[in-house]
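Visitor: Before we look at the model together, I would like to ask how each label you use is justified.

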Amino acid sequence: MKSDTTVDYKEFINVIKRGKWTILFITLLLTLIAASIGFYSMKNSKATYQTKMSVIIGNKADIVDAKSLTGTFEAIANSSKIAEKASAALNGDVPVEEMQSSYEVTASADAPLLTIVSNGKSQKDSMKTANAVYSSFSKEVTRIYPTEPLKIMENSFVAGSGNSKFKSSYVVLAFLLGLFLSIFIVTFKGYFDEKIRTKDDVEKYLELDVIGKLSRRKRRDI
């Protein structure tokens, strides 16, 4: 006598076989949609320009003390107060919320050095943002720590670049989602399907022995 586990396994396989075209259709559909969205976003992404500004904290004589303040200076530079002042420095052309999301300030772990990275729709815009942030930040630092001067060490610019990379991971995720979703739909539908289709269905639901099986014949052969 066959175990329940074997019967259930065979039922699952039969349900998957019957719904193979549904599984294939849903999986391919979601994969193609993800691929289309990925290509569309890649082709229509707007170019962004970036300015990178390196700022040295303190004088050479007090480099150890200045290094211990880099974390504090990083927090000050990324505060909403600096974003507000930078926005005001640009006469409000860039709203505070947009200003705060258009730049980032990071501190070096090994030196009293801060890096301001700003983004803009043009090289001029990104440079304006970086200068406004630096100006507002330096004034705030001078007010709080008047003995710790700031100096710009380097300014560099990155040419406009869009989202030119096609993210294949999204397509893979869409494929897996389509596969699991379609299998779930087919399995759920098959659970409520009471039609007798296979020899196993006859033996399970009608409790009759199958003595033979007719081969599938094409209509023109009848």
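Visitor: What makes the contact of Arg-143 with Glu-140 a salt bridge?

Guide: In this predicted model, the closest N and O atoms of Arg-143 and Glu-140 are 2.5 Å apart, and because the cut-off for a side-chain nitrogen of Arg and a carboxyl oxygen of Glu is within 4 Å, the pair is called a salt bridge. The two residues are 3 residues apart in helix α7, so they are separated by about one helical turn.

Visitor: Why is Arg-143 called exposed?

Guide: Arg-143 has a relative accessible area of 55%, and since exposed means over 50%, the word applies to Arg-143.

Visitor: And is Glu-140 buried or exposed?

Guide: Glu-140 has a relative accessibility of 4%, and because buried means under 20%, Glu-140 counts as buried.

Visitor: Which other residues form salt bridges with Glu-140?

Guide: Lys-85 forms one with Glu-140, the closest N and O atoms being 2.8 Å apart. Because Lys-85 lies in helix α5 and Glu-140 in helix α7, this pair ties together parts that are 55 residues apart in sequence. The side chain of Lys-81 also meets that of Glu-140, at 3.4 Å from N to O; here Lys-81 is in helix α5 (residues 80-89) and Glu-140 in helix α7 (residues 123-144), with their positions 59 residues apart.

Visitor: Why are Lys-81 and Lys-85 called partly exposed?

Guide: Lys-81 is at 37% relative accessibility and Lys-85 has a relative accessible area of 35%; because partly exposed covers what is neither under 20% nor over 50%, the term fits Lys-81 and also Lys-85.

Visitor: How many salt bridges does the structure hold, and what joins Arg-143 to the two lysines?

Guide: The structure holds 3 salt bridges, and through shared partners they join Lys-81, Lys-85, Glu-140 and Arg-143 into one network.

Visitor: Let us turn to the interior. How do you know that the buried residues of helix α4 lie on the same side?

Guide: In helix α4 (residues 70-77), the residues Thr-70, Phe-73, Ile-76 and Ala-77 are buried. They cover an arc of only 120 degrees around the axis, which puts them on the same side of α4.

Visitor: Which residues touch the most other members of the largest nonpolar core?

Guide: That core has 24 residues, and Phe-73, Met-99, Phe-137 and Leu-150 touch the most other members. Elements giving two or more residues to the core include β1 (48-57), α4, α5 and α7, and the largest share, 6 residues, comes from α7. Leaving aside neighbours within four places in sequence, Leu-150 is in contact with several residues, among them Val-55, Phe-73, Tyr-134, Phe-137 and Val-141.

Visitor: What makes a nonpolar patch on the surface, and where does Leu-181 belong?

Guide: Leu-177, Leu-181, Phe-184, Ile-185 and Phe-188 form such a patch, with about 500 Å² of accessible area together. Leu-181, placed in helix α8 (residues 168-191), has a relative accessible area of 37%, and because patch residues need over 30%, Leu-181 passes that cut-off at 37%; since exposed would require over 50%, Leu-181 is called partly exposed.

Visitor: Why, then, is Leu-32 called exposed?

Guide: Leu-32, in helix α2 (residues 20-43), has a relative accessible area of 56%, and because the cut-off is over 50%, Leu-32 is exposed. Its C-alpha atom is separated by 8.6 Å from that of Ala-174, although the two residues are 142 residues apart along the chain.

Definitions and conventions: Residues numbered from 1 in each chain as written. Predicted model: local features only at pLDDT ≥ 70, side-chain atom pairs only at ≥ 80, totals over all residues. Heavy atoms only, no water. Helix = DSSP H or I, 4+ residues; strand = E, 2+ residues; numbered from the N terminus. Buried < 20%, exposed > 50% of the residue type's maximum accessible area, 1.4 Å probe, protein only. Patch = residues over 30% accessible without salt bridge, like charges linked within 9 Å, V, L, I, M, F, W, Y side chains within 5 Å. Areas by Shrake-Rupley, 256 points an atom, 1.4 Å probe, with all protein chains shown as cover. Arc of directions from axis to C-beta. Core = buried A, V, L, I, M, F, W, Y, C linked by side-chain atoms within 4.5 Å. Contact = heavy atoms within 4.5 Å.
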